[in-house]
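Here are my notes on the model you sent. They are set out as numbered points, to be read beside the structure.

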Amino acid sequence: MAAPVTSAMILAAGRGERLRPLTDHVPKPLLEVAGKPLIVRHLESLLVAGIQDVIINVGYLGDAIMQALGADWQGLRIHYSDERGCRLDTGGAIVRALPLLGDAPFLLVNGDICTDFPWTRLCQPSSARAHLVLVPNPVQHPQGDFALSAGVVALAGEERHTYAGIARLDPELFREFPEQPASLAPWLRRWIAAGLVEGSLYQGKWTDVGTPERLRIAERDCAEAPSGL
């Protein structure tokens, strides 16, 4: 049985091309939803769940993120994995951050989602090497990514759901990969095919803030649930 989760990684290095011109001078994770930056919303939720250390990979306008958050945020220890000179994509980013992540399972969250997901659901000890959180397919991704069968993620199935950008992962899964630009998606499919990935379907508030329109949707959700998001 693995140890309880006390660390998390926020993927925050992207350019946010589809959100231009909003991201021309503000990194996507610092875009505000209902008066609060996306990344701050994540930090608040992770703090409530008992997370102690947060690793943030920084690339585009990374200086702004480091200046805004510092090394200690309301008791959370913040560590930065620097990709300002070389964008490593989602998989390569985790490989570079392994020395900061340690040996225990960690939470992974995309910095450009807005959600009221309760992180405590993923913080308890588990023997699973990986756990992915899936959500009902949004309008922009109707085909989904993966299926669920008795709590195990499958590559195919009658009903497919969308990966939420929320996961619990064992760092040992990444030890075999070199530090170079690489997407996480092919590795996930490989582990899923090997039967290593558990999963769950979350049907609460969740928005992939990838365009100005979806940023407005996140604003609306926050206005409708002021005590949640």
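1. Start at the end of the helix H1. Gly50 follows H1 and has a positive phi, near 95 degrees. Keep in mind throughout that this is a predicted model.

2. H1 itself spans residues 38-48. Its buried residues are Leu38, Ile39, Val40, Arg41, His42, Leu43 and Leu46. Note that Arg41 and His42 are on that list.

3. Next, the largest nonpolar core. This core has 32 residues. Those touching the most other members are Ile10, Ile39, Ile51, Val54, Ile56, Leu107 and Trp119. Two or more residues come from each of E1, H1, strand E4 (53-58), helix H2 (62-69), strand E6 (76-82), E7, strand E9 (130-135) and E12. H1 is the top contributor, with four residues. As background, nonpolar side chains in soluble globular proteins tend to be buried together.

4. Ile10 deserves a closer look. Setting aside residues up to four places away in sequence, Ile10 touches Ile39, His42, Leu43, Leu46, Val54, Ile55, Ile56, Asn57, Val109 and Gly111. Several of these names recur from H1, including His42, Leu43 and Leu46, which are buried there.

5. There is another core, apart from the largest nonpolar core. It has 29 residues. Among them are Val95, Phe177, Leu188 and Trp191.

6. Now the largest pocket. Its volume is about 940 Å³. The lining has 37 residues, and Thr90, Asn110, Asp112, Tyr163 and Asp208 lie nearest the centre. By type, the lining divides into 16 nonpolar, 12 polar and nine charged residues.

7. Which elements each supply at least two residues of the lining of the largest pocket? They are helix H3 (89-101), strand E7 (106-110), strand E12 (160-169), helix H4 (185-193) and strand E14 (206-208). E12 gives the largest share, four residues. E7 and E12 also give two or more residues each to the largest nonpolar core.

8. Thr23 sits in a loop, between strand E1 (7-11) and strand E2 (32-33). Is Thr23 buried or exposed? Its relative accessibility is 0%, so Thr23 counts as buried. Beyond neighbours within four places in sequence, its contacts are Arg15, Gly16, Lys28, Leu31, Tyr60 and Leu61.

9. Gly62 belongs to helix H2. Gly62 counts as buried because its relative accessibility is 2%, against a cut-off of under 20%. Ala13 is 49 residues from Gly62 in sequence, yet their C-alpha atoms are 7.1 Å apart.

10. Two residues that are not glycine have a positive phi. Gln74 has a phi of about 50 degrees and lies in the loop between strand E5 (72-73) and E6. With a relative accessible area of 59%, Gln74 is exposed. Ala150 has a phi of about 55 degrees and is found in the loop between strand E10 (146-149) and strand E11 (152-154). Ala150 is exposed too, at 82% relative accessible area.

11. Last, the annotation. An unreviewed UniProt entry carries "domain: Nucleotidyl transferase" over residues 8-141. In the model, that stretch is 24% helix and 28% strand. Its end C-alpha atoms are 26 Å apart.

Definitions and conventions: Residues numbered from 1 in each chain as written. Predicted model: local features only at pLDDT ≥ 70, side-chain atom pairs only at ≥ 80, totals over all residues. Heavy atoms only, no water. UniProt positions renumbered as here; feature names shortened; annotations may be inferred. Buried < 20%, exposed > 50% of the residue type's maximum accessible area, 1.4 Å probe, protein only. Contact = heavy atoms within 4.5 Å. 1 Å grid on protein atoms, 1.4 Å probe; cavity = no way out; pocket = protein on both sides within 12 Å on 5 of 7 lines; lining within 4 Å. Points joined across faces, edges and corners; volume = space filled by probe spheres on them. Nonpolar A, V, L, I, M, F, W, Y, C, P; charged D, E, K, R; others polar. Core = buried A, V, L, I, M, F, W, Y, C linked by side-chain atoms within 4.5 Å.
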